[in-house]
Amino acid sequence: MQQTFRQKAILQLEEAKKKELALSSYYQLYQDLLQIQEEVAGNISTSLDLVDESVMNDRLHSGKPQLSFEHLPIDPHLFANQVHRIMTLLLAYQGDEVEIPVLKEDELIEKAHQCFQETQSMEKGDLLQLAIEQALMPYLEHAARQVMPHLDTKKWLRGNCPCCGAESNFSYLEAEGTRILVCSRCRYQWRYRRTGCPYCNNIDPKTLRFYPAGEKKSHRLYVCDHCKRYLKAVDQRVAGTAVDLIAEPILTWSLDRAAREKGYQ
Ligand SMILES: [Zn+2]
Ligand SMILES: [Zn+2]
């Protein structure tokens with residue numbers, strides 16, 4: 001059977017675990033999260049009720065993302081179960097023995113709706129919100145796959161995802177040096193300017209920098225001194241191969257640490 005992109009990422013993390021023993025529980029957490037998402041994804045088959053292509057492209061040209069929360073084929077009962085499983089994982093990773101609050105399904109859906117509106121990709125301190133975001137991902141990816149063939153996003157050039165509206169948390173440089181942003185939650189990919197901050201649209205070179213990183217200098221850490229945000233990137237021209245866009249943001253944890261130590265988020 002063909003491996004899915006998540007199964008491939010789980011294997012990459014397994015390799016990383018062998019090399020970085022001290023980080024074994026960190027990689028295990030992500031493997032478990034991906035495994036839960038994989039199970040959920042396998043059970044989503046509903047076709048999205050999309051409007052016609054010309055309406056979609058009108059939205060695109062006026063700078064509006066395509067998806068609304070109502071597009072997502074969420075079964076409240078299954079969703080509550082998924083959030084509970086993810087909360088259990090997160091709490092175990094933190095070593096907390098806190099009782100997981102019992103959440104009513106309708107309250108949870110309401111909270112998921114709020115999370116959907118919250119498009120910032122920065123790490124959240126709120127565990128329930130984090131669990132909901134992780135639980136929403138397979139639904140958003142499913143939706144993005146259906147939206148993708150209808151859109152020509154070459155001219156989008158915005159910081160937010162043209163599909164679901166969220167920010168990017170990872171990027172890569174293609175063969176010609178084009179910078180592609182990857183959505184932090186639906187994994188849609190779109191082109192962005194070579195320079196400039198996708199979080200605040202700052203284009204002043206005096207407040208924008210990037211640091212090369214990694215053994216082969218195949219990675220970059222873009223920072224913006226205007227909004228104090230950072231963006232990780234892999235330069236595929238140097239890396240030599242297409243990177244795994246699920247595993248790579250997890251494997252590049254040292255770039256997150258370096259950025260945060262310098263005061264970026
Ligand atoms: Zn998205
Ligand atoms: Zn900025």
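**Entry 1: a helix against the sheet**

I looked first at helix 9 (residues 253-261), which lies across strand 4, strand 5 and strand 6. I noted that helix 9 runs at about 25° to strand 5. I keep in mind throughout that this is a predicted model.

**Entry 2: the sheet itself**

I next asked in what order the strands of the sheet are arranged. I found 6 strands in the order 3-2-1-6-5-4, forming an open sheet with mixed pairing. I looked up the edge strands and found strand 3 (189-192) and strand 4 (208-213), each of which pairs on one side only. I recorded an average twist of 30° from one strand to the next.

**Entry 3: one strand pair**

I then examined strand 5 (residues 219-224) and strand 6 (residues 230-235), which run antiparallel and are joined by 5 bridges. I followed Tyr222 to its bridge partner, which is Leu231 in strand 6.

**Entry 4: a pair of helices**

I turned to helix 2 (residues 24-42) and helix 6 (residues 127-147), whose axes come within 9 Å and cross at roughly 45°. I therefore entered helix 2 as oblique to helix 6. I also asked whether the crossing of helix 2 and helix 6 is left-handed or right-handed. I recorded it as right-handed.

I listed the residues that make the contact: helix 2 supplies Leu33, Gln37, Val40 and Ala41, while helix 6 supplies Gln134, Met137, Pro138, Glu141 and His142. I sorted the contact of helix 2 with helix 6 by class and obtained 5 nonpolar, 3 polar and 1 charged residues.

How values were computed:
Residues numbered from 1 in each chain as written. Chains lettered and ligands numbered in written order. Predicted model: local features only at pLDDT ≥ 70, side-chain atom pairs only at ≥ 80, totals over all residues. Pairing = 2+ DSSP bridges. Helix = DSSP H or I, 4+ residues; strand = E, 2+ residues; numbered from the N terminus. Axes fitted to C-alpha atoms, helices over the stretch in contact; angles between N-to-C directions. Contact = placed C-beta atoms within 7 Å. Parallel < 35°, antiparallel > 145°, perpendicular 65-115°, else oblique. Left-handed = near helix turned anticlockwise from the far one by under 90°. Nonpolar A, V, L, I, M, F, W, Y, C, P; charged D, E, K, R; others polar.
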